[in-house]
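Open the model in your viewer and show side chains as sticks. Each stop below gives a selection and then what is found there.

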Amino acid sequence: MKKFIIVLFLGLVSCNSSNTVDIFQKDFKENRWSKNDLKRLTFSIEETANYDIDLHLGHIYEYQFDVIPLQVTLFKDEQILFQETIDVKVKENGKDLGECVGDICDLYAVLKQDYNLDKGLYSLQIENKFDREYLPNVLGIGVRIKK
């Protein structure tokens with residue numbers, strides 16, 4: 001019976017091994033993301049391979065804007081690998097696109113698919129390009145990287 005439990009546990013752990021990186025930063029005072037507040041997420045890739053890179057945005061349910069403009073820059077050894085301005089679609093036809101529980105929503109937006117990353121240390125910089133002083137009702141920002 002003890003062996004069965006150990007094998008079951010190892011099987012469950014290995015099912016989650018496709019999530020290589022999952023970072024979520026939630027240090028937004030009063031749920032506001034100031035225009036000049038750059039977020040930088042640092043992570044390590046242990047194996048050279050192709051990865052899917054998703055941006056994770058946490059926000060309050062029934063977000064007042066349909067789209068959030070962001071500039072995303074991926075660095076390795078302080079060299080820019082890619083830099084893009086993207087519009088993260090939060091709502092479509094008035095409906096939240098994220099997974100919402102109560103008044104908290106998690107939205108995953110694809111940054112890159114099947115993107116080659118070498119083993120090493122990386123950082124992802126995310127800049128709010130919203131046209132006002134701050135972006136309201138933001139709970140957190142992060143990155144999820146999977147093989």
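The tour of this predicted model goes through strands, salt bridges and a disulfide.

**Stop 1: strand β5**

Select residues 67-76, which make up strand β5. How many of the 10 residues in this strand are buried? Nine of them are, so the strand is mostly covered.

Now add β6, residues 79-89. The two strands, β5 and β6, pair in the antiparallel sense, with 10 bridges between them. To check the register, pick V72 and look across to E84 in β6, which stands opposite. At the turn of this hairpin there are two residues between the strands. Click on D77 there: its phi is positive, near 50 degrees.

**Stop 2: from E84 to K112**

Keep E84 selected and add K112. The side chains of these residues meet in a salt bridge, with 2.6 Å from N to O. This contact links distant parts of the chain: K112 lies in strand β10 (residues 104-117) and E84 in strand β6, 28 residues apart. Is E84 buried, exposed or partly exposed? With a relative accessible area of 27%, E84 is partly exposed, because that value lies between the 20% limit for buried and the 50% limit for exposed.

**Stop 3: strand β11 and its partners**

Return to β5 and bring in strand β11, residues 120-128. β5 and β11 run antiparallel and are joined by seven bridges. For a marker, take F75, which has S123 of β11 opposite.

Next, select strand β3, residues 39-45. β3 also pairs with β11, in the antiparallel sense and over seven bridges. Here the marker is I45, whose bridge partner in β11 is G120.

Stay on β3 and color its side chains by face. Which residues point to the buried side? K39, L41, F43 and I45 point to one face and are buried. R40, T42 and S44 point to the other face and are not buried.

**Stop 4: salt bridges elsewhere**

The whole structure holds nine salt bridges, and the K112 and E84 pair was one of them. Start again from K39 and add D27 and D37. These three residues are linked in a network of salt bridges.

Then select D54 and R144. Their salt bridge has its closest N and O atoms 3.3 Å apart. D54 sits in strand β4 (residues 49-60) and R144 in strand β13 (residues 138-146), so the pair links distant parts of the chain, 90 residues apart. Both D54 and R144 are buried.

A further pair is K129 with E127, where the closest N and O atoms are 3.5 Å apart. K129 is partly exposed, with a relative accessible area of 34%.

**Stop 5: the disulfide**

Finish with C100 and C105. How many disulfides does the model contain? The count comes to one, and the disulfide joins C100 to C105, with an S to S distance of 2.0 Å. Look along the S-S bond: the torsion about it is about 105 degrees, so the disulfide is right-handed.

The two cysteines can be checked for accessibility as well. C100, at 31% relative accessibility, counts as partly exposed. C105, at 0% relative accessibility, counts as buried.

Key:
Residues are numbered from 1 along each chain as its sequence is written. This is a predicted model: local features need pLDDT of at least 70, side-chain atom pairs count only at pLDDT 80 or more; totals for chains, interfaces and linings use all residues. Side-chain values use heavy atoms; hydrogens and water are left out. A salt bridge is a side-chain nitrogen of Lys or Arg within 4 Å of a carboxyl oxygen of Asp or Glu. Helices (H or I, at least four residues) and strands (E, at least two) are DSSP runs, numbered from the N terminus. Buried means under 20% relative accessible area, exposed over 50%, partly exposed in between (1.4 Å probe, protein chains only). Two strands pair if DSSP finds at least two bridges between them. A disulfide is a pair of cysteine sulfur atoms within 2.5 Å.
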